[in-house]
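Welcome! Take a moment to look over the sequence and the 3D view, and then let us walk through a few details together.

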Amino acid sequence: MDEMQEIIKTYVIKEYVEDDTELTYDSPLISGGIVDSFSMVSLKRFLENKYNIAIPDDKATPEAFDSVNKICALVREYVK
Amino acid sequence: MAYTEKTRGIYTEILAGLQSAGLFKQERYIHSAQDADIEVEFPAGAPLKKVINICANNYLGLSSHPEVVKAAHEGLDSHGYGMSSVRFICGTQDIHRTLEQMVTKFLGTEDTILFPSCMDANAGVFEAVLTKDDVMISDRLVHASIIDGIRLCSAMHDTYKHSDMEHLEEKLQLHDLKRLKMVITDGVFSMDGDTAKLDKMVELCEKYGALLFVDDSHSSGFIGKTGRGTHEQYGVMGKIDIITTTFGKGLGGASGGCVSGRKELVEMCRQKARPYLFSNTIAPPVVAGVIKVLEILSASTDRRDKLEKNTEFWRKGLTEAGLIIKAGDTPIVPVMLFNAKLAQDVSRDLYEEGIYAIGFFFPVVPQGQARIRTQISAGHEIHHLEKALDAFRKVGKKYDILGKSKQEIIERYGM
Ligand SMILES: Cc1ncc(COP(=O)(O)O)c(C=O)c1O
């Protein structure tokens, strides 16, 4: 599971962090202004492809995507 | 009484919070017409002060131009004060259609539809032309009005890193299977004064079969050799599917905006765009004024040429004074101060020196990127700019930021 945290964190940094902002597994991503809520669709697609799952649209809320740990929890609900 | 003390308390608390966070916006009352020299009452009740304005969007100095004022007077006399109707009921006069045709010709597009403002154009256009089968891919720094328009549209949305063409290409690949893809950008970005790489963007849109949307509010009338906008500067006139722009900045500064582009898309707006259908038409004197503006700009490039010279002078002057500015060649020239309080202090001291320029800080710009945004106009004469440079040198010296690096300023004042 640690590996999942690291994979997701790496993705978020590559996609969103342009300076040297430190990111922890609990950093608020959307409410903290790091991830713009408009591009959650890319993040969702990344997770779905990476873990071979389907996250229903109504579960992919800004709240559920608000930190690396929350995203991991969401993904775990769908990995078999 | 529904507006109870408890209700009032909720709002006074929120407003007090804005005050203490330094985010409370205060108006300054200008007692003169918009121009390089204005008379300002600030704070409210203070005696009037004559200052040089370097923060208006009056890029071409046409806001109070005698010919434009005269044309508006004539429009008032011939077509009346207001129409009391939306366009499609009984709010379309001959001059509204004339203006649409003139904008089409000026921008080199297929057709144009007027909106009450560019905010309205951006709020209405996406919903009118896209559906849930489509995707909008926008630059992460687009203007707030575009963000609102995107929110109102049922199409999927995604973003790419500011002006990052590789990232845009990845996103175009990611969404390749959508019915329609629309790439959305500002032509000139209003906070940084940089331009979108439209040549490359057209190439990518052609490669992936995507539509291209450009908001040229901070470009129309002066960017490009004959002032048609960023599409002229990048050599892609005729290749932008939708251009939105405002008449509230360079093009006279009164009000109104438009969607200009492919004729079917413009027609979709005429049939479906809600701010077009449900908000009043642009007032006749304003329409007459904008028509005159386009006549002036089509007849001669003198004004945009002067603006270009003024901009060069200003950028060079600030750089030589040892201030840090955002690189570029547009008349939006941000002087970087990084720290929010420093930006406010410098703005206040400049005002004392007779220079009106405003500090911008989080959340309008990213944290740690506070700045004074200066905006140059063809209405400025060199003596205005020299006086403003003197003031920047004097205030810059006071805060000891001249010739200092970003690192040094941040070490001293914090982010
Ligand atoms: C890029 C951009 N688009 C649209 C607008 C809105 O234009 P208008 O004042 O016509 O509503 C603005 C003005 O603030 C702007 O800067």
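Let us begin with a cysteine of chain B. The sulfur of B:Cys205 has its closest cysteine sulfur in B:Cys153, and because 16 Å lies between the two, they are too far apart for a bond. Please keep in mind that this is a predicted model. B:Cys205 counts as buried, because its relative accessibility is 5%.

What about B:Cys118? This cysteine is in no disulfide either; B:Cys258 holds the nearest cysteine sulfur, 7.3 Å away. A disulfide calls for two cysteine sulfur atoms within 2.5 Å, and by this rule the count over all chains is 0 disulfides. B:Cys118 has a relative accessibility of 7%, so this residue counts as buried.

Now to the backbone. Most peptide bonds are trans, and most residues other than glycine have a negative phi. Chain B offers two cis peptide bonds to look up, shown here with the loops that hold their prolines.

| Cis peptide bond | Omega | Place of the proline |
|---|---|---|
| B:Phe42 to B:Pro43 | near -5° | loop between strand E2 (37-41) and strand E3 (49-53) of chain B |
| B:Phe362 to B:Pro363 | about 10° | loop between strand E13 (358-360) and strand E14 (370-375) of chain B |

Which value does phi take at A:Asn52? Phi is near 55° there, a positive value in a residue other than glycine. You can find A:Asn52 in the loop of chain A between H2 and helix H3 (68-78). With a relative accessibility of 70%, A:Asn52 counts as exposed.

Chain B has a positive phi to show as well: B:Ser84, a residue other than glycine, has phi near 50°. Look for B:Ser84 in the loop that runs between helix H2 (66-79) and helix H3 (87-91) of chain B. Is B:Ser84 buried or exposed? B:Ser84 counts as exposed, because its relative accessibility is 73%.

Our last stop is on the surface of chain A. Four residues, A:Glu18, A:Asp19, A:Asp20 and A:Glu22, form a negative surface patch. To find the patch, start from A:Asp19, which is placed in the loop between helix H1 (2-16) and helix H2 (40-51) of chain A. A:Asp19 has a relative accessibility of 53%. Exposed means over 50%, so A:Asp19 counts as exposed.

Definitions and conventions. Residues numbered from 1 in each chain as written. Chains lettered and ligands numbered in written order. Predicted model: local features only at pLDDT ≥ 70, side-chain atom pairs only at ≥ 80, totals over all residues. Heavy atoms only, no water. Patch = residues over 30% accessible without salt bridge, like charges linked within 9 Å, V, L, I, M, F, W, Y side chains within 5 Å. Areas by Shrake-Rupley, 256 points an atom, 1.4 Å probe, with all protein chains shown as cover. Salt bridge = Lys/Arg side-chain N within 4 Å of Asp/Glu carboxyl O. Lys, Arg positive; Asp, Glu negative; His and termini not counted. Charge placed at Lys NZ, Arg CZ, Asp CG, Glu CD. Helix = DSSP H or I, 4+ residues; strand = E, 2+ residues; numbered from the N terminus. Buried < 20%, exposed > 50% of the residue type's maximum accessible area, 1.4 Å probe, protein only.
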